2 protein chains.
Amino acid sequence: VSEDQPPGESGEDRLIATYFRALATDPGAFGLTDDAAILTPPPGSDVVLKTDPIICGVHFFPEDPAEAVARKALRVNLSDLAAKGAKPAGFLLALALPADTGKIWLAAFAEALGADAARYGCPLLGGDTDRTPGPLTVSIAAFGTLPHGTMVRRNGAKPGDRVVVTGTIGDASLGLRLRQAGSGGLGAGLASAEHAYLLARYLIPEPRCGIAEALRAHASAAMDISDGLAGDLGKLCRASHASAEIDVGLVPLSDAGQSLVSRDNALIETVLTGGDDYEILCTVAPDRLERFRALASAAGISTTEIGRVVAGWAPPRFLDRSGRPLVFEHPSFSHF
Amino acid sequence: VSEDQPPGESGEDRLIATYFRALATDPGAFGLTDDAAILTPPPGSDVVLKTDPIICGVHFFPEDPAEAVARKALRVNLSDLAAKGAKPAGFLLALALPADTGKIWLAAFAEALGADAARYGCPLLGGDTDRTPGPLTVSIAAFGTLPHGTMVRRNGAKPGDRVVVTGTIGDASLGLRLRQAGSGGLGAGLASAEHAYLLARYLIPEPRCGIAEALRAHASAAMDISDGLAGDLGKLCRASHASAEIDVGLVPLSDAGQSLVSRDNALIETVLTGGDDYEILCTVAPDRLERFRALASAAGISTTEIGRVVAGWAPPRFLDRSGRPLVFEHPSFSHF
């Protein structure tokens, strides 16, 4: 407790007022001056709930800029809301700050978080700040709404459905590999713009919020890709009591990703299993595919059909040009 | 990733299935097999949102039993929901686990969390588990519901309202002092049952969930006491543009608390400013006081009038027997 603490206002109150009050644009946040927040969902809505914290040294690097940490912290949660078909409604922020967290860091963090909150229509509703002896941790719980009973599940894939992904796959995991390799090695000879593109894809994900409505209207199952396409498709198949056959040649790569993979084919495993994509993986019945893709396209989101669902639970197969299934050394990321 | 990881199921999936699936009793949790959960509030409801994480070494001791950690993690959030007049509806759990967290710890943690979830009607809806290089951290975001527009705010206290608290004040902070002092010193001569009582009050708070309805019906302002009665009353007064005069002699102490304070009068500052009470502080208009207290009593919760609200923002005054205001060295707990 600082000596000059005015009565009725703690150091934490001041920190919140200084950095975060400007983000609390929703009336349910009460300007961050109360003990809790409220969310008033539209009549007939379900509230979709998600929490996915990020920890320094685990989910991001200590040297990552505050702006990137803020954006990643919110966006990994928005990605899940999008995959479930929900419209963002707001979020709670629990910050655990090491003692050496400075004002410049906090100001940059809050500004970027506020910019993303505005961009995605997901205002800060409330939260908590603590000192921690451990690494900086940003725990966001994000909330979305959708018409009752319409959340897009993992478990609805049907044999014959097409497997579809948004954007390009593997950029973030290749970016992480580049970053770990430093200069030289993996990235040698890669154009600097391509190098920068892959690094940025790891640093700041792009949640596909615009696809929520298309998923609700047409997808039989969906999830976001955070632990790698192969592992996450495995989870979707398992939940759906089905399997899938993927044509690896159809998996969409960015130009930069293609540059790397064409130089070292073994990197296709990184692309398919590395994770941090935050693209959407979904399944769509064939007769809905065109309408689904048109809606996604109207929202500015590219989609690619990469395979199909087949009957009976089994690990999905990733088939190469000759129709042989790839065998992965490390099929999916897991903390445990 | 372990070598024997079955496809479509990660180590994290197995950990969740083993320890936490049994807690996911609400249909909106989807058995923890999807990427997000849903909450379907009753028509015309607001959803009250709160997150208050606890960190090992900050909010609890490394040697605290897993059961106590689980209960504290949930209850500090339930306490806020109660203070706001909300009925618990469910929670998200984000666990950051050091590598040495064992199965026995996890099993005991999950069992106690499940018991409290059942006890308070607040089921686990979803969550996330991560490895952390830092201290064990339990981040719960808890949700409650109440009729639209009825959340009890901090800012409604009016001059003339009575200041009321539930239960007894200072037990937890005295328990913490006893624990920090070890054997001898502060606790010397205290009966062992009294010693144990105060330690337990620090270890496991008792959220006053039963008072939510009475608060909604009759309180002009309310909050839970987590950072000390003096500091939290200061916040309530500041938010209400009012002040308060408290008769320190009326502040309810437990027998054990009274035992300690009567031996060392200076401990009254610990009682009034120490925090971790998780009792309810509220203000009630005089003509509602009897009905409020009757409702609380019917819910098994004792309430005590300790003073009154006075006009104009100023730090609340805590008056001793002779009507002189106490001056505190450290008015309130704050991390910053």
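**Exercise 1. Asp64(A) and its partner**

Task: Find which side chain makes a polar contact with the side chain of Asp64(A), then describe the surroundings of Asp64(A).

Solution.
- Start with the pair. In this predicted model, the side chains of Asp64(A) and Arg179(A) make a polar contact of 2.4 Å.
- Place the residue. Asp64(A) sits in a loop of chain A, between strand E3 (54–55) and helix H2 (66–83).
- Check its cover. The relative accessible area of Asp64(A) is 7%. Buried means under 20%, so Asp64(A) is buried.
- List the touching residues. Not counting residues up to four places away in sequence, Asp64(A) touches Val69(A), Arg179(A) and Leu203(A).
- Look at one of these, Leu203(A). Asp64(A) and Leu203(A) are 139 residues apart in sequence. Their C-alpha atoms are 7.9 Å apart in space.

**Exercise 2. Thr166(B) in its strand**

Task: State where Thr166(B) lies and which polar partners its side chain has.

Solution.
- Locate it. Thr166(B) belongs to strand E7 of chain B, residues 162–166.
- Test burial. Its relative accessible area is 1%, and Thr166(B) is buried.
- Take the side-chain partner. Thr166(B) and Glu279(B) are joined by a polar contact of 2.5 Å between their side chains.
- Take the backbone partner. A polar atom of the Thr166(B) side chain lies 2.8 Å from the backbone nitrogen of Ile280(B).
- Widen the view. With neighbours within four places in sequence left aside, the contacts of Thr166(B) include Arg208(B), Ile211(B) and Ile301(B). Ser302(B) and Thr303(B) are also among them.

**Exercise 3. Two residues with positive phi**

Task: Phe30(A) and His241(A) each have a positive phi. Decide for each whether it is buried or exposed.

Solution.
- Begin with Phe30(A). Its phi is about 50°, although Phe30(A) is not a glycine.
- Place it. Phe30(A) lies in the loop between helix H1 (11–20) and strand E1 (37–39) of chain A.
- Read its accessibility. The value is 18%, and Phe30(A) is buried. The cut-off for buried is under 20%.
- Move to His241(A). This residue is not a glycine either, and its phi is positive at about 50°.
- Place it. His241(A) is in the loop between helix H7 (229–240) and strand E9 (242–247) of chain A.
- Read its accessibility. At 62%, His241(A) is exposed. Exposed means over 50%.

**Exercise 4. Two buried helix residues**

Task: Find the helices that hold Ala108(A) and His218(A), and list their contacts, leaving aside neighbours within four places in sequence.

Solution.
- Ala108(A) is in helix H3 of chain A, residues 103–119.
- Ala108(A) is buried, at 17% relative accessible area.
- Its contacts are Ala66(A) and Glu67(A).
- Now compare with a distant residue. Ala108(A) and Gly312(A) are 204 residues apart along the chain, and their C-alpha atoms are separated by 50 Å.
- His218(A) is in helix H6 of chain A, residues 212–218.
- His218(A) is buried too, at 11% relative accessibility.
- Its contacts are Val284(A), Arg288(A), Arg291(A), Phe292(A) and Leu295(A).

**Exercise 5. Gly8(B) and chain A**

Task: Work out which chain A residues are in contact with Gly8(B).

Solution.
- Gly8(B) lies in the segment before helix H1 (11–19) of chain B.
- Gly8(B) is buried, with a relative accessible area of 15%.
- In chain A, Gly8(B) is in contact with Gly234(A), Lys235(A), Arg238(A) and Trp313(A). In chain B, leaving aside neighbours within four places in sequence, the contact is Asp13(B).
- Within chain B, take Leu174(B). Gly8(B) and Leu174(B) are 166 residues apart in sequence and 50 Å apart in space, C-alpha to C-alpha.

**Exercise 6. Chain A as a whole**

Task: Decide how the compactness of chain A stands against a globular protein of its length.

Solution.
- Count the elements. Chain A has 10 helices and 12 strands.
- Compare the radii. The radius of gyration of chain A is 21 Å, close to the 20 Å from the globule rule for 336 residues, so chain A is as compact as a globular protein of that length.
- Add the box. Along the principal axes, the C-alpha atoms fill roughly 75 × 55 × 35 Å.
- Add burial. Of the 336 residues in chain A, 61% are buried.
- Add contacts. Among contacts with a separation of 6 or more, 86% join residues 24 or more positions apart.
- Add the surface. Chain A exposes about 12600 Å², and carbon and sulfur atoms supply 53% of it.
- End with charge. Chain A has 30 positive and 40 negative charges, and their mean positions are 7 Å apart.

Terms used:
Residues numbered from 1 in each chain as written. Chains lettered and ligands numbered in written order. Predicted model: local features only at pLDDT ≥ 70, side-chain atom pairs only at ≥ 80, totals over all residues. Heavy atoms only, no water. Helix = DSSP H or I, 4+ residues; strand = E, 2+ residues; numbered from the N terminus. Buried < 20%, exposed > 50% of the residue type's maximum accessible area, 1.4 Å probe, protein only. Contact = heavy atoms within 4.5 Å. Polar contact = N/O pair within 3.5 Å; in protein donor to acceptor, adjacent residues only side chain to side chain. Rg over C-alpha atoms; globule rule 2.2 N^0.38 Å. Areas by Shrake-Rupley, 256 points an atom, 1.4 Å probe, with all protein chains shown as cover. Lys, Arg positive; Asp, Glu negative; His and termini not counted. Charge placed at Lys NZ, Arg CZ, Asp CG, Glu CD.
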